[in-house]
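Colleague: I'd like a close look at the aromatic side chains in this one, with the numbers. Please set them against the rest of the fold as you go.

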Amino acid sequence: MPEQPYDPEEAVAPTGVGGTMDLAVSEAETLEGGPEGGPAPAGPAGRPRSLWSDAWHELRRNPVFLVSGLMIVFLVLISVWPQLIADGNPLQCDLAKSQQGSAPGHPFGYDTQGCDVYTRTVHGARASVTVGVCATLGAALLGSLLGGLGGYYGRWGDALLSRTADIFFGIPVVLGGLVFLSVVTSSTVWPVVGFIVLLGWPQISRIARGAVLTAIQNDYVQAARALGAGNGRILLRHVGPNAVAPVIVVATIALGTYISLEATLSFLGVGLRPPTVSWGIDISNAAPQIRNAPHMLLWPAGALSITVLAFIMLGDAVRDALDPKLR
């Protein structure tokens with residue numbers, strides 16, 4: 001019997017995570033149920049909720065998500081517009097006020113160069129958040145693309161990708177940063193972003209590969225392939241939407257780790273460099289004076305810790321919402 005041509009106008013049923021699959025009406029109706037064949041959670045107008053709408057419903061009731069989300073929104077705002085809460089110049093210093101404590105209009109005191117610690121702490125959020133967000137996006141996009149293609153097509157390409165990822169996993173992050181960034185003379189954030197992406201994509205790649213390998217075993221993928229769907233359509237319409245959830249969870253948690261890594265490299269003198277304002281640079285300058293002027297170290301280190309904690313809390317909340325087994 002000749003193979004039936006693939007008709008995109010056939011019945012389309014939700015996959016449960018935002019994707020769709022092309023099946024006959026009788027087959028599509030079997031996917032309306034919830035876990036274990038039971039009824040799916042009801043959404044607006046009595047329609048079953050997808051995984052994304054169900055996750056958003058859980059996140060709105062999670063206090064960890066609400067607190068971390070508010071903290072991150074505040075950090076993003078001061079990163080874009082630090083003048084909202086600090087109208088001073090972080091590079092304007094007065095050596096006569098070196099290491100002085102709190103004063104009217106300067107609640108965090110002054111550093112060794114006589115710069116206002118409060119102003120530098122607020123302006124330092126921009127570099128850290130920029131590095132974290134850009135590095136996470138780059139690593140997630142590159143890792144998802146390579147891992148997804150390797151898991152879908154398999155064979156020698158998948159083997160080559162896996163062995164390449166193993167090589168990058170074997171590079172110590174801090175040692176690699178010392179070697180790679182020590183030869184870079186730029187004081188912008190982009191060399192640091194590029195280095196983090198270079199060493200961060202293998203983790204995302206393995207997560208994406210595993211998610212794709214799981215997704216392609218599902219019946220709706222096999223049915224779409226039997227109906228004549230091409231590889232591009234299957235990847236974009238069926239496999240991708242069902243494999244992206246674990247990547248989002250890992251990337252969200254990794255964002256906080258990348259911010260911490262940027263501060264570590266800047267502390268060692270190979271990350272961001274002056275005149276860029278960074279928490280890592282301020283912590284490095286304050287470390288030798290911790291006994292004489294502990295306020296120089298306390299505020300930038302506290303801001304860094306709160307920022308990393310906020311993104312890790314957000315990642316944990318997203319993971320709990322997207323994984324029904326953890327509820």
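Modeller: The chain has eleven helices and two strands (DSSP runs numbered from the N terminus: H or I of at least four residues for a helix, E of at least two for a strand). Reading from the N terminus, the order is β-β-α-α-α-α-α-α-α-α-α-α-α. It's a predicted model, so local features need pLDDT of at least 70 and side-chain atom pairs 80 or more, while totals for chains, interfaces and linings use all residues. Numbering starts from 1 along each chain as its sequence is written, and side-chain values use heavy atoms, with hydrogens and water left out.

Of the 327 residues, 44% count as buried (under 20% relative accessible area; over 50% is exposed, in between is partly exposed, with a 1.4 Å probe and protein chains only).

Now the rings. There are six aromatic pairs in the structure (Phe, Tyr or Trp six-membered ring centres within 6.5 Å; planes under 30 degrees apart are stacked, over 60 edge-to-face, the rest tilted). One of them is Phe 168 with Trp 201, edge-to-face at 5.6 Å centre to centre and 65° between the planes. That contact ties together distant parts of the chain, since Phe 168 belongs to helix α5 (residues 155-169) and Trp 201 to helix α7 (residues 190-215), 33 residues apart. Both Phe 168 and Trp 201 are buried.

Another is Phe 180 with Phe 195, this time stacked, with 5.7 Å between centres and 25° between planes. Here the link runs from Phe 180 in helix α6 (residues 173-181) to Phe 195 in helix α7, 15 residues apart. Phe 195 counts as buried because its relative accessibility is 2%, whereas Phe 180, at 36%, is partly exposed. Elsewhere, ring pairs join Phe 108, Tyr 118 and Trp 299 into a cluster.

Some aromatics sit at the surface instead. Phe 74 in helix α3 (residues 63-80) is partly exposed, with a relative accessible area of 45%. Phe 74 and Trp 81 help make a nonpolar patch of about 730 Å², along with Val 73, Val 76, Leu 77, Val 80, Leu 84 and Ile 85 (patch residues have over 30% relative accessible area and no salt bridge, and nonpolar side chains are joined within 5 Å, like charges within 9 Å).

For charged contacts, the count is seven salt bridges (a Lys or Arg side-chain nitrogen within 4 Å of an Asp or Glu carboxyl oxygen). Among them, Arg 163, Asp 166 and Arg 206 are linked in a network. In helix α11 (residues 295-322), Asp 316 and Arg 319 are three residues apart, so about one helical turn separates them, and their side chains meet at 3.8 Å, N to O. Arg 319 also bridges to Asp 320 at 3.4 Å.

Last, the helix shapes. The end C-alpha atoms of α4 are 53 Å apart, which agrees with the 54 Å expected for 37 residues (1.5 Å times one less than the number of residues). A straight helix of 37 residues would also span 54 Å, yet α9 (residues 231-267) covers only 47 Å. α9 has a kink of about 55° at Gly 240, shortly before Pro 241 (the angle between axes fitted to the seven residues ending there and the seven starting there). After α9 comes Gly 269, with a positive phi near 90°.

Terms used
Accessible areas come from the Shrake-Rupley method with a 1.4 Å probe; for residues, only the protein chains shown count as cover.
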